Amino acid sequence: MKVLALLLFFLGCLVSSGQADTSYKKRVLEAAEIELLFSYYGQDGQNAAVTGGEGTEKLTDATSSIVVKIPLNEDDILTVDAGISAYTSASSSNVNPLDGDANRNVSPFSASSGASRQDVLTYFNPSYQHASDDRNSVVNVKAYVSMEYDYFSLGFGGGYARLFNEKNTEISINAQVFLDKWNSQYPIELRDGFFDSRTMGTGTYNPNFNAFEKETRNSYSVSLGLSQILSKKLQGSIFMDVVSQTGLLSTPFQRVYFSDATDFFIEDFQLADDVERLPDNRFKLPVGGRLNYYASDHIVLRSYYRFYTDNWGIASHTANLEMPIKLTDSFTLYPTYRYYTQTAADYFYAKENALSTFDFYTSDYDLSKYTAHQYGVGARYKDIFAKARVFTFGLKTIDLRFNVYDRSDGLNAFIMTLGTTFVGD
C-alpha cells in the first residue's frame, strides 16, 4: 500500500509540473490516469488434461493489476501495465498426485495438497504511443515480460494507425513477437528414478517416454484492421490476424493414455503412458468484424463476430452481443451474451482412444469439439466531475462485471471483475 501511495504521489507531481506547459496544441491525453483492476475466476469440470482427459478441473485465480498512463507531452503517452495472478488448481496439483496428504485417496477426481497445486504469474507490459501534429497518425511500440514457475515469456511489438476521410476512417497494422521458454515439469511417474511400491498392473511399469529436446516456443503475429463510421448512428470495423507459432507447442505435464498399452495404477490414479505430443508449428487465421449501432441516447447495440481456422483442424465461430443501457448520466448497465463453437483438432483423442503408434495426440478438451455460452452483466459508474479523490487524483469510473460460462463438455466457470480509473488534475 505504501508503494501505491508513493506512486500516486509521484505521478501527481508529474501532472502538476506538466500544467506549466502553455503550448496551444491539445494533448492526446490531458492528464495522467491510473486504472486499478481486480478479477476473480473460478471453474470446475471433469475432463482435466493433466490427468488424460478425466479428472477434476477445479481452479480459482485471483488477478490484480495497475495500469498507469502518463502524458509525456502533447503528443506522447507512456503506459505501464503490471500485474500479478495467483491461482490454485486441483488439476495441476495432480502433476504429482502422490505429494501432500498421506491419508488422501490418490484419484484424478481429488486434489493433491502438494506444491504443484498453486502458482503465481507476474507480468510487466510497458508501451509508448506517439501521435502526429494533426492527430491523423499514431505509432506505438510495446514490450512484455511474464514469469511463472515453469514458463517465461518475453515479447515486443509495435503498430501504426492512420485516420483519414475527416477521421471517419481508420486503418491499422500491428505486429508482435513472443519468445517463450518452458521449464518442463513432467508427471511425477515419468521422471527419472520414479518408484512406488503401490503400483498395480500386469508386468512392470515402463512407459516409452522421452523428454522434449527443445523447450522454446516462438510466436509471431500481424494484425490488420479497418474501422469506418458508416452513418451518424452506425460504426463498423473488420480485422484479420495472421499468427505463426513454432517450437514446443505441447504442454509437458498433460498426460495421455493409449488404447494399446497396459494400464497401471496407484490406488485410483492411472499412471501416464506418455504426455501430449503436438506438431512443432501452428498457423492461425482469425477474421472478424464489429458493428455498433447507437439506437438512442440511452441504448447502444455492440455486436462482434469472428471466424477462426488453423492448420491443426480447428475451425470456430464466435458471436457476441452487448447492449449498454444508460440509466442516468452517471450509471450504465451492460448485459452481454457470447456464443462459441469449434471443431476438434486433428490430434484430439478422448482417454484411451489414441494409439501409441500415432505421431501426435492430446486429450486436452480445449482442443475438442464443443459449444459454449457466456452470459454476463456489468455496471459502470462515471463520476463526471471527478469529485471523489485519492491524493491528487479524482475518481473517473468504476466498472463491475460478472460473467458465467457453460461449455458442452461439462466445464463451467464464472469471473468477476472490478476496475477503477483515476485521473489527475
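**Notes on the chain: surface, fold and salt bridges**

1. Starting with the surface: the chain exposes about 22200 Å², and carbon and sulfur atoms supply 59% of that area. Keep in mind while reading that this is a predicted model.

2. On overall dimensions, the C-alpha trace spans about 85 × 45 × 40 Å along its principal axes. Of the 425 residues in the chain, 42% are buried.

3. The secondary structure is quickly told: two helices and 23 strands. As for how the chain meets itself, take the contacts with a separation of 6 or more; 64% of these come from residues 24 or more positions apart.

4. Charges next. I get 37 positive side chains against 50 negative ones, with the centres of the two sets 9 Å apart. The salt bridge count comes to 17, and a few of these deserve a look one by one.

5. Have a look at Arg135 and Asp75, which form a salt bridge with the closest N and O atoms 2.8 Å apart. Arg135 sits in the loop between strand E4 (118-131) and strand E5 (137-148), while Asp75 sits in the loop between strand E2 (59-71) and strand E3 (76-89), so the pair ties together parts that are 60 residues apart in sequence. Both Arg135 and Asp75 are buried.

6. Lys181 and Glu215 make another salt bridge, and here the closest N and O atoms are 3.5 Å apart. This pair also links distant parts of the chain: Lys181 belongs to strand E7 (residues 169-182), Glu215 to the loop between strand E8 (199-200) and strand E9 (216-229), and 34 residues separate them. Are these two buried or exposed? Neither label fits: Lys181 has 44% relative accessibility and so counts as partly exposed, and Glu215, at 22%, is partly exposed too. The cut-off matters for Glu215, because buried means under 20% relative accessible area.

7. Further along, the side chains of Arg407 and Asp409 meet in a salt bridge, at 3.0 Å from N to O. Arg407 counts as buried because its relative accessibility is 5%. Asp409 has a relative accessible area of 18%, so Asp409 is buried as well.

8. One last item for the charged side chains: Asp196, Arg198 and Glu267 are joined into one network by salt bridges that share partners. I'd bring those three up together on screen, alongside the buried pair Arg135 and Asp75.

Conventions:
Residues are numbered from 1 along each chain as its sequence is written. This is a predicted model: local features need pLDDT of at least 70, side-chain atom pairs count only at pLDDT 80 or more; totals for chains, interfaces and linings use all residues. Side-chain values use heavy atoms; hydrogens and water are left out. Helices (H or I, at least four residues) and strands (E, at least two) are DSSP runs, numbered from the N terminus. Buried means under 20% relative accessible area, exposed over 50%, partly exposed in between (1.4 Å probe, protein chains only). Contact means heavy atoms within 4.5 Å. Accessible areas come from the Shrake-Rupley method with a 1.4 Å probe; for residues, only the protein chains shown count as cover. Lys and Arg count as positive and Asp and Glu as negative; His and the chain ends are not counted. The place of a charge is taken as NZ of Lys, CZ of Arg, CG of Asp or CD of Glu. A salt bridge is a side-chain nitrogen of Lys or Arg within 4 Å of a carboxyl oxygen of Asp or Glu.
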